[in-house]
Amino acid sequence: MLEFDDIQHILLTRAPALTGRYDFLSFRDPAGGRQWLGNFLQEVQSAEAMRASVEKHNRWVSVAFTWNGLRALGLDEASLATFPEEFKQGMVARAEMLGDTGENHPDHWTGELASPDMHAIVILFARDAAERARFQAEQEKLIARCEGVKVLSSLDLEATPPFGYAHDHFGYRDRLSQPVIEGSGDEPTPGSGPLLKPGEFILGYPDEDGPPANLPQPEVLSRNGSFAAYRRLQEHVARFREFLRDNGETPEEQELIAAKLMGRWRSGAPLVLAPDKDDPELGADPQRNNNFNYKQMDPLGYAVPLGSHMRRMNPRDTAANMNRRRMIRRGATYGPHLPDGAADDGVERGIAAFVICSSLIRQFEFAQNVWANDRNFHELRNERDPIIGNQDGTLEFKIPKRPIRKTIKGLPAFTNVRGGAYFFLPGLAAMRYVAGLGSH
Ligand code: HEM
């Protein structure tokens, strides 16, 4: 039985928010940090509390810590040593392997995210900007009372218009395919794969391989916790639109190029089910829009190129061990919408996302290293993920087609990494334990 009253809501639920804010904190004084946490905890909703009151509330808050952050709060060395190696090292130290080189290198990140002094993130999702402002004012008061707690940087989140459905700045409908956890009460939509054991995403429960091993200690600290890889990815919208114009003569051709890069039309309709023509009704229908596979329905990629973002990030029945590599995606867009036809305005916009999993190395890092950035994934030679791969202008994107395939050479970078970090997302009891450390 999942302990819904202890698991932070972000793991199991999605808030109906149009705005939000991430605050990145530093703790210069362990007792001050614990005082902040002890007080702040009342803001953080469990999955149970969120589900019981989602209509009543206007904001939803989570909190997570870097390994340096746990140390800064006074966790002892014996306990710190029990965390997984990649989490201890942090995302900055893993840059090479993640593909965060060149323009994506942590040297170019903003908001002090690459600093070892970045200790925690407060994740606020709010129904509107007024609620966000109220939350911020309350937080400022609390922080001012707690010795040594500093806000290093913040990022405001904004949904992009039109607001009726979730989509990114490039215009792709999102949040269609998500793994579903056994016992969570959620039903997978057709095609979303089998119910997965909770331990794939939540520490302390059996995973697809059996009982969990090597959990961070003491048990109260890891139980109902998880790990989250944070990625702030700038989206170069004007560059993306120019690319579509350069590679498609008609608006229909341009839409098809956009669809081939992703694996879905921007409406959400999957190319496997709608290979030649967009079908917005299909894109909006959760009973149908994820109901496909690749091996039987599109083995050679005539509908969905093998190198498209979606086919890389979840190769479904064309990869081994898929049940051990799924990821829960959360987050939001930031920055202003760039209206159609507008020139580049030089303003940063993009996606600020969390990839949540119980093993950063097995799930997130594998996806980054092999699926996104291995040039020879699926024997594609000289390709990386067209949306999130590290692109330096020398790689290509192949669109299988009869009688001859189309090869786009010199793919530009549509996104760049502007920040990132590995966080531990503890359960509520674990946070009470940390907040109480000095007083035991
Ligand atoms: C700017 C960055 C990104 C954009 C614009 C983007 C966009 C999208 C879109 C539109 C979809 C299809 C909607 C869906 O199936 O739910 C998708 C699917 C997905 N993306 Fe991304 N994404 C980005 C970054 C990432 C990152 C960093 C990861 C993980 C490392 C990731 C992992 C996935 C996964 C696992 C799926 C589901 C595929 C499936 O189950 O078929 N994405 N993405």
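# Two domains with a ligand between them

The domain assignment splits this protein into domain 1 (9–232 + 420–439) and domain 2 (236–323 + 375–418). Keep in mind that you're looking at a predicted model. Both domains give residues to the shell around the ligand, so the ligand lies between them.

**How the domains meet**

- Measuring between C-alpha centres, domain 1 and domain 2 are 30 Å apart.
- Where they touch, domain 1 puts in 24 residues and domain 2 puts in 23 residues.
- On the domain 1 side of that contact, you'll find 12 polar residues, along with 6 nonpolar and 6 charged ones.

**Around the ligand**

- The ligand is surrounded by 27 residues, and the closest are Tyr172, Leu176, Ser177, Met313 and Asn314.
- Sorted by class, that shell comes out as 14 nonpolar, 7 charged and 6 polar residues.
- Two strands each supply at least two shell residues: strand 5 (226–235) and strand 7 (350–357).
- Two helices, helix 13 (309–313) and helix 14 (360–372), also each give at least two.

**Helix 11 and its surroundings**

- Helix 11 covers residues 251–262, which makes 12 residues.
- From first C-alpha to last, helix 11 reaches 17 Å, close to the 16 Å expected at 1.5 Å a residue.
- Its buried residues are Leu256, Ala258, Ala259, Lys260, Leu261 and Met262, so look for a lysine in that list too.
- The cover over those buried residues includes helix 10 (237–247), helix 13 and strand 8.
- Helix 13 turns up twice here: it helps cover helix 11, and it also supplies residues to the ligand shell.
- Right after helix 11 comes Gly263, with a positive phi near 105 degrees.

**The strand 8 and strand 9 hairpin**

- Strand 8 (residues 396–399) and strand 9 (residues 406–409) run antiparallel and are joined by 4 bridges.
- The two strands form a hairpin, with 6 residues between them.
- If you want one pair to click on, Lys398 has Thr407 in strand 9 as its bridge partner.

**Strand 2 and strand 3**

- Strand 2 (residues 59–65) is mostly covered, with 7 of its 7 residues buried.
- One side of strand 2 carries Arg59, Val61, Val63 and Phe65, the other carries Trp60, Ser62 and Ala64, and both faces are covered.
- Strand 3 (residues 120–126) runs antiparallel to strand 2, and 7 bridges join the two.
- Among the paired residues, Ala64 has Ile121 in strand 3 as its bridge partner.

How values were computed. Residues are numbered from 1 along each chain as its sequence is written. This is a predicted model: local features need pLDDT of at least 70, side-chain atom pairs count only at pLDDT 80 or more; totals for chains, interfaces and linings use all residues. A residue is near a molecule or strand if its C-beta atom, placed from the backbone, lies within 6 Å of it. Ala, Val, Leu, Ile, Met, Phe, Trp, Tyr, Cys and Pro count as nonpolar, Asp, Glu, Lys and Arg as charged, and the others, Gly among them, as polar. Domain bounds come from an automatic or database domain assignment. Two strands pair if DSSP finds at least two bridges between them. Two residues are in contact if their C-beta atoms, placed from the backbone, lie within 7 Å. The expected span of a helix is 1.5 Å times one less than its number of residues. A residue is buried if 20 or more other C-beta atoms lie within 10 Å of its own, exposed if 12 or fewer, and partly exposed in between; C-beta atoms are placed from the backbone.
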